[in-house]
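Biologist: Please take a close look at the empty space enclosed in this model, and tell me what surrounds it.

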Amino acid sequence: MSVKPPRPRGPHLNAMRCFETAARLGGFAAAAEELSVTPGAVSQQVKALEDWVSAPLFERRSQGVVLTPLGASVVIEFSSAFDSLGSALQGLRTSAPMAAVNIAALPSVAQLWLSPRLPPIREAFPGHAISITALESPPNLMREMFDLSIFFGSPDGGLNQRVLKDDLILPVCAPAIAARLQSPDDLTREAMLHDAVWIDDWRRWLDQSGCSTITATDGPVFSLYSIAVDEARNGAGVLMGHQVLLDKYLRSGELVAPFTGHVTSGKSLVLETAVSARSSALLDGIVDMLVS
């Protein structure tokens with residue numbers, strides 16, 4: 001009869017993942033957002049790892065958590081390990097025949113820029129699923145199973161990044177309102193529509209356009225940029241438009257830019273490909289259609 005003595009067990013993978021994410025992002029709440037769990041769940045998993053090692057990895061403070069010297073000493077190794085695991089999973093997935101492409105995009109980008117481009121992509125690649133996930137912040141393409149991401153940001157020059165357009169902002173409104181606007185001073189008599197994420201857009205445009213004496217009034221604020229765009233089309237006021245997202249409406253005349261010139265937000269619309277995603281006719285073809 002064989003002897004099978006019990007072997008020491010290591011901590012659960014989820015506990016290690018929660019620790020690494022919280023350490024990398026600087027807190028349980030940020031880790032919870034990336035991992036799509038609650039901060040309480042992250043705290044519980046980290047506590048399980050601390051119980052296993054019999055030492056604290058974070059100091060709990062009233063304003064958040066801070067790594068202990070022990071925790072800080074292993075973060076780089078944990079991050080490297082999870083990066084390698086993510087790369088292996090991406091490689092495994094893309095080494096098989098690619099039947100689907102997963103794209104992550106900012107909600108406004110998904111609705112206003114990407115959605116109109118999907119019909120010709122589906123027509124060009126019949127039988128392949130194109131899945132879109134709207135996220136408020138870019139995913140970690142080394143860890144998450146997305147093939148492409150499209151967000152506003154500052155490119156770092158990596159070979160896996162393509163700048164689609166510079167992010168130019170300018171006031172836009174319905175033609176009836178544009179007829180009343182002879183100069184930026186006339187904005188004081190109109191409702192100025194604001195997006196909750198890009199709340200500083202008006203101030204940036206006014207300052208860079210030499211209109212710093214005009215106050216960005218407390219107009220309606222929208223948590224979804226696409227709703228703010230619809231309200232501008234409906235004549236509710238003047239919206240600070242992101243030109244790359246509104247080309248369709250500016251070409252059709254549904255929205256009008258009442259003043260000449262625009263300013264830059266300092267960012268660009270960037271298409272990024274997962275580093276470990278292999279080249280394929282499907283993925284390369286989709287990227288070419290999105291870039292063109």
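Modeller: For sorting the residues, Ala, Val, Leu, Ile, Met, Phe, Trp, Tyr, Cys and Pro count as nonpolar, Asp, Glu, Lys and Arg as charged, and the others, Gly among them, as polar. The model is predicted, with local features needing pLDDT of at least 70 and side-chain atom pairs pLDDT 80 or more, while totals for chains, interfaces and linings use all residues. Residues are numbered from 1 along each chain as its sequence is written, and side-chain values use heavy atoms, without hydrogens or water.

Two cavities of 30 Å³ or more are found. A cavity is a set of points on a 1 Å grid over the protein atoms alone where a 1.4 Å probe fits but cannot get out, and lining residues have an atom within 4 Å of a point. Volume is the space filled by probe spheres set on points joined across faces, edges and corners.

The largest cavity has a volume of about 110 Å³. Its lining consists of Leu-106, Pro-107, Ser-108, Gln-111, Glu-136, Asp-195, Val-197, Trp-198, Ser-223, Leu-224, Tyr-225 and Ser-226. Two elements, α5 (107-114) and α9 (225-233), each give two or more residues to this lining. Helices (H or I, at least four residues) and strands (E, at least two) are DSSP runs, numbered from the N terminus. With three residues, α5 gives the most. By type, the lining of the largest cavity holds six nonpolar, four polar and two charged residues.

The second largest cavity has a volume of about 50 Å³. Leu-193, His-194, Asp-195, Trp-198, Ile-199, Asp-201, Trp-202, Leu-239 and Met-240 line it. Here β7 (192-195), α8 (201-208) and β9 (238-242) give two or more residues each, and β7 gives the most, with three. The lining of the second largest cavity divides into six nonpolar, one polar and two charged residues. Asp-195 and Trp-198 appear in the lining of the largest cavity and in that of the second largest.

Some lining residues also lead to the packing elsewhere. The largest nonpolar core (buried Ala, Val, Leu, Ile, Met, Phe, Trp, Tyr and Cys joined through side-chain atoms within 4.5 Å; buried means under 20% relative accessible area with a 1.4 Å probe, protein chains only) has 44 residues, and Trp-113, Ile-150 and Leu-245 have the most contacts inside it. Apart from this core lies another, of 16 residues, among them Trp-202, which also lines the second largest cavity. Ile-150 touches (heavy atoms within 4.5 Å) Leu-106, among others, and Leu-106 lines the largest cavity.

Terms used. Buried < 20%, exposed > 50% of the residue type's maximum accessible area, 1.4 Å probe, protein only. 1 Å grid on protein atoms, 1.4 Å probe; cavity = no way out; pocket = protein on both sides within 12 Å on 5 of 7 lines; lining within 4 Å. Lists of a residue's contacts leave out its neighbours within four places in sequence.
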